[in-house]
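Reader: Could you take me through one part of this chain in detail? I'd like a close look at a single helix and how it sits among everything else.

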Amino acid sequence: MTDKKKSLQRKILEPLYDKSLTCLYCNHKFKSKQVRSSMAKVIKQDSDYCTYYEGDNPIFYDVFVCPSCGFAYTNSFSRITPARKEKIEKNYLKNLSAVPHLCGKRDVFDALRAYKLASLAAYVINEKKSLVGNLFLRIAWMYRYQNDIDNEKEYLEKALRFYLDAYQRGNINDLVIEEHQLLFLMGDIYIRLGKNNEATKIFSILLSDRGVSQKIRTRASEVWNEYRERQKENKE
Ligand SMILES: [Zn+2]
């Protein structure tokens, strides 16, 4: 095998690669690690899409943290307007004790830090409620990966608050996820938080609405049936 071929193979086999980015806030050009999708091996997935991987977890890398200014964001963030710039400076950057360096390989603690920064950034610039909810849900997953149940619940509750707000606004343009998917996530969180009445309401909507896609309906009926079974077992 030629050296060129060997180095090409090493490049292909290396699970992490550098993604080139331009900071949404300060325009600084930087690189941040990403997991090659071909190298991500799924072991299992929870009902709320929290996914477990063998080796590097791509979810750890969905937040970019600018190594120059410290602004944290994801691909779903919208453009930074001058009004938003001011808010970022006042309510986000000034509170950073130091610029975090989170562009390399991440463990669950680095990922948690990156997600917390992005959720704060999204909150101060008044990003879409469903986007903030998504970030809180991912923070809950970072705690679930660590078996930290108390913190997981705290962030599930936060995610739920923002999802509810997004849903009640009823503005499709304000959603970064599909409406029925949002409803499903709310129902799933209600189950995880042991809120039976609220969960019942949401799943009865999801399972009776013909407009719900087959994919979501299947997942919803699986989650709901399993929950009902568990309830029955607990009663017996
Ligand atoms: Zn920056």
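Author: Let's zoom in on helix α6, then step outwards to its surroundings and the rest of the chain.

Keep in mind that this is a predicted model. Helix α6 covers residues 179–192. Start with its length: at 1.5 Å a residue, its 14 residues should span 20 Å, and the end C-alpha atoms are indeed 20 Å apart, so the two agree. Just past the helix comes Gly194, which has a positive phi, near 70 degrees.

Now, how covered is α6? Mostly: 11 of its 14 residues are buried. The buried set begins with Leu182, Leu183, Phe184 and Leu185, and carries on with Met186, Gly187, Asp188 and Ile189 before Tyr190, Ile191 and Arg192. Notice that Asp188 and Arg192 are in that list along with the leucines. As background, an α-helix has 3.6 residues a turn, so residues three or four places apart point the same way.

What does α6 pack against? Its buried residues meet four helices: α4 (129–145), α5 (149–169), α7 (196–208) and α8 (214–235). One concrete link to α6 goes through Ala159: setting aside neighbours within four places in sequence, Ala159 contacts Ile189. The other partners of Ala159 on that count are Gly133, Phe136, Leu137 and Ala140.

That brings us to the largest nonpolar core, which has 63 residues. Met186 is among the members touching the most others, together with Ala72, Ala118, Ala121 and Ala159. The elements giving two or more residues to this core are strands β5 (64–65) and β6 (72–73) plus helices α3, α4, α5, α6, α7 and α8. Helix α4 supplies the largest share, 9 residues. The core also reaches into both domains, drawing at least three residues from each of domain 1 (14–131) and domain 2 (178–236). The C-alpha centres of those two domains lie 30 Å apart.

For a second helix to set beside α6, look at α3 (residues 108–124), where Ala111 sits. Ala111 counts as buried because 22 other C-beta atoms lie within 10 Å, and the cut-off is 20 or more. Not counting residues up to four places away, Ala111 touches Phe60, Arg106 and Met142. Phe71, on the other hand, is 40 residues from Ala111 in sequence and 15 Å away in space, C-alpha to C-alpha.

For contrast with the well-covered α6, try strand β3 (residues 41–45): the count of buried residues among its 5 is 0. Strand β3 runs antiparallel to β4 (residues 51–54), joined by 4 bridges, and Val42 stands opposite Tyr53. Their hairpin has 5 residues between the strands, with Tyr49 at a positive phi near 80 degrees. There's another antiparallel pair in β1 (residues 16–22) and β2 (residues 29–35), linked over 7 bridges; here Thr22 has Lys29 as its bridge partner. In that hairpin 6 residues lie between the strands, and Asn27 takes a positive phi near 65 degrees.

Finally, the wide view. The chain holds 8 helices and 6 strands, in the order α-β-β-β-β-β-β-α-α-α-α-α-α-α. Its C-alpha atoms fill a box of roughly 60 × 55 × 35 Å along the principal axes. Of the 236 residues, 35% count as buried. And among contacts with a separation of 6 or more, 58% are between residues 24 or more positions apart.

Notes:
Residues are numbered from 1 along each chain as its sequence is written. This is a predicted model: local features need pLDDT of at least 70, side-chain atom pairs count only at pLDDT 80 or more; totals for chains, interfaces and linings use all residues. A residue is buried if 20 or more other C-beta atoms lie within 10 Å of its own, exposed if 12 or fewer, and partly exposed in between; C-beta atoms are placed from the backbone. Two strands pair if DSSP finds at least two bridges between them. The expected span of a helix is 1.5 Å times one less than its number of residues. Two residues are in contact if their C-beta atoms, placed from the backbone, lie within 7 Å. Domain bounds come from an automatic or database domain assignment. A nonpolar core is a set of buried Ala, Val, Leu, Ile, Met, Phe, Trp, Tyr and Cys residues joined through C-beta atoms within 7 Å.
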